[in-house]
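The following note sets out some points for a reader who is meeting this structure for the first time. Please keep the sequence and the model in view while reading.

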Amino acid sequence: MSSIKKIHHVAIAVTDLQQALVFWQDILGIENSELRDIPQEEAQVAFLPLGESEIELVFPTSNDSGLAKYISKRGAGIHHLCLEVDNLEAMLSRLKQNNIRLINEEPRVDQSGRRYAFIHPESAFGVLVELYEKIP
Ligand code: ZN
C-alpha cells in the first residue's frame, strides 16, 4: 500500500521567469531558494518553498517540449500539482489496476535522485498530477 503524504509543490508555467520572480518573490515575498536547469524536461525551474510545500515556476527552454506546447495551447498558468507518496511503485500499480492513464508507466529519476511519474490529466479531471516519492 502507498499513501499520499502532502502536496509537495504546485507548478506554474511562466513565459518570463524574471518577471514571474518579480511578482512571486519580490512583491509577494516568497523567497526563491534555487534556480535550476532541468535538461530532461527542457525547462528552467525556480523553487519557492512555502511551509511544507513549494511553488515552482517552470519556464520552457525549448520550443517543442511538452511544457512549451502546453503554454502555446493554454497560456501561462497552473501547470501541475505534485503529491508526495511514500511508495511510488505501489501507487503506480494501484493506478494501473484502476485503468488510470499514466504519462510515465515507470518511475523516472530526476537529477537529485528523486523518483517521480506523471498521471495523465484525462484520468485526473483535467489536472496534470505528478507523484514524487518521499525521500526517506
Ligand atoms: Zn513538478
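Does H9 count as buried or exposed, judged by its relative accessibility? H9 counts as buried, with a relative accessibility of 0%. The points below place this residue in its setting; it should be kept in mind throughout that the model is predicted.

1. **Overall architecture.** The protein has three helices and eight strands. Read from the N terminus, these elements follow the order β-α-β-β-β-α-β-α-β-β-β. The radius of gyration is 15 Å, close to the 14 Å that the globule rule gives for 136 residues, and the protein is therefore as compact as a globular protein of that length. The C-alpha trace spans about 45 × 30 × 25 Å along its principal axes.

2. **Burial, contacts and surface.** Of the 136 residues, 43% count as buried. When contacts between residues at least 6 apart in sequence are considered, 53% of them join residues at least 24 apart. The accessible surface of the protein amounts to about 7800 Å², and carbon and sulfur atoms contribute 53% of that area.

3. **The zinc site.** Which residues supply the protein donors of the zinc ion? They are H9 (NE2), H80 (NE2) and E130 (OE), which lie 2.0 to 2.1 Å from the ion. Along the sequence, the donor residues follow the spacing H-x70-H-x49-E. H9 belongs to strand β1 and H80 to strand β5, so this pair ties together parts that are 71 residues apart in sequence. Like H9, which has 0% relative accessibility and counts as buried, H80 is buried, with a relative accessible area of 6%.

4. **Salt bridges: the K5–D86 pair.** A search of the whole structure finds nine salt bridges. One of them is formed by K5 and D86, whose closest N and O atoms are 3.6 Å apart. K5 lies in strand β1 (residues 4–13), whereas D86 lies in the loop between β5 (77–85) and α3 (88–97); the pair therefore ties together parts that are 81 residues apart in sequence. Both partners are partly exposed: K5 has a relative accessible area of 44%, and D86 has a relative accessibility of 33%.

5. **The E41–R108 pair.** A salt bridge also joins the side chains of E41 and R108, at 3.4 Å from N to O. E41 is found in the loop between β2 (34–38) and β3 (43–50), and R108 in strand β6 (residues 108–109), so the pair ties together parts that are 67 residues apart in sequence. E41 counts as partly exposed at 30% relative accessibility, and R108 counts as partly exposed at 33%.

6. **The E122–R101 pair and a network.** How far apart are the closest N and O atoms in the salt bridge of E122 with R101? They are 2.8 Å apart. This pair links distant parts of the chain, with E122 in the loop between β7 (115–119) and β8 (129–133) and R101 in the loop between α3 and β6, 21 residues apart. E122 counts as exposed at 59% relative accessibility, whereas R101 counts as partly exposed at 40%. Elsewhere, E84, R114 and K134 are joined into one network by salt bridges that share partners.

7. **Strand β7 and its neighbours.** Why can β7 be described as largely enclosed by the rest of the structure? The reason is that four of its five residues are buried. Strands β6 and β7 run antiparallel and are joined by two bridges. R108, which also takes part in the salt bridge with E41, has Y116 in β7 as its bridge partner. The hairpin of β6 and β7 has five residues between the strands, and G113 there takes a positive phi near 90°. On pairing with β8, β7 again runs in the antiparallel sense, here over four bridges. Within this pairing, V129 in β8 is the bridge partner of I119.

8. **A suggestion for reading the model.** It may help to begin at the zinc ion and its donors H9, H80 and E130. The reader may then turn to the salt bridge between K5 and D86, with K5 in strand β1, the strand in which H9 also lies.

Terms used: Residues are numbered from 1 along each chain as its sequence is written. This is a predicted model: local features need pLDDT of at least 70, side-chain atom pairs count only at pLDDT 80 or more; totals for chains, interfaces and linings use all residues. Side-chain values use heavy atoms; hydrogens and water are left out. A salt bridge is a side-chain nitrogen of Lys or Arg within 4 Å of a carboxyl oxygen of Asp or Glu. Buried means under 20% relative accessible area, exposed over 50%, partly exposed in between (1.4 Å probe, protein chains only). Donors are N, O and S atoms within 2.8 Å of the metal (3.2 Å for Na, K and Ca); water is not among the atoms, so sites may look incomplete. The radius of gyration is taken over C-alpha atoms; the globule rule is 2.2 Å times the number of residues to the power 0.38. Contact means heavy atoms within 4.5 Å. Accessible areas come from the Shrake-Rupley method with a 1.4 Å probe; for residues, only the protein chains shown count as cover. Two strands pair if DSSP finds at least two bridges between them.
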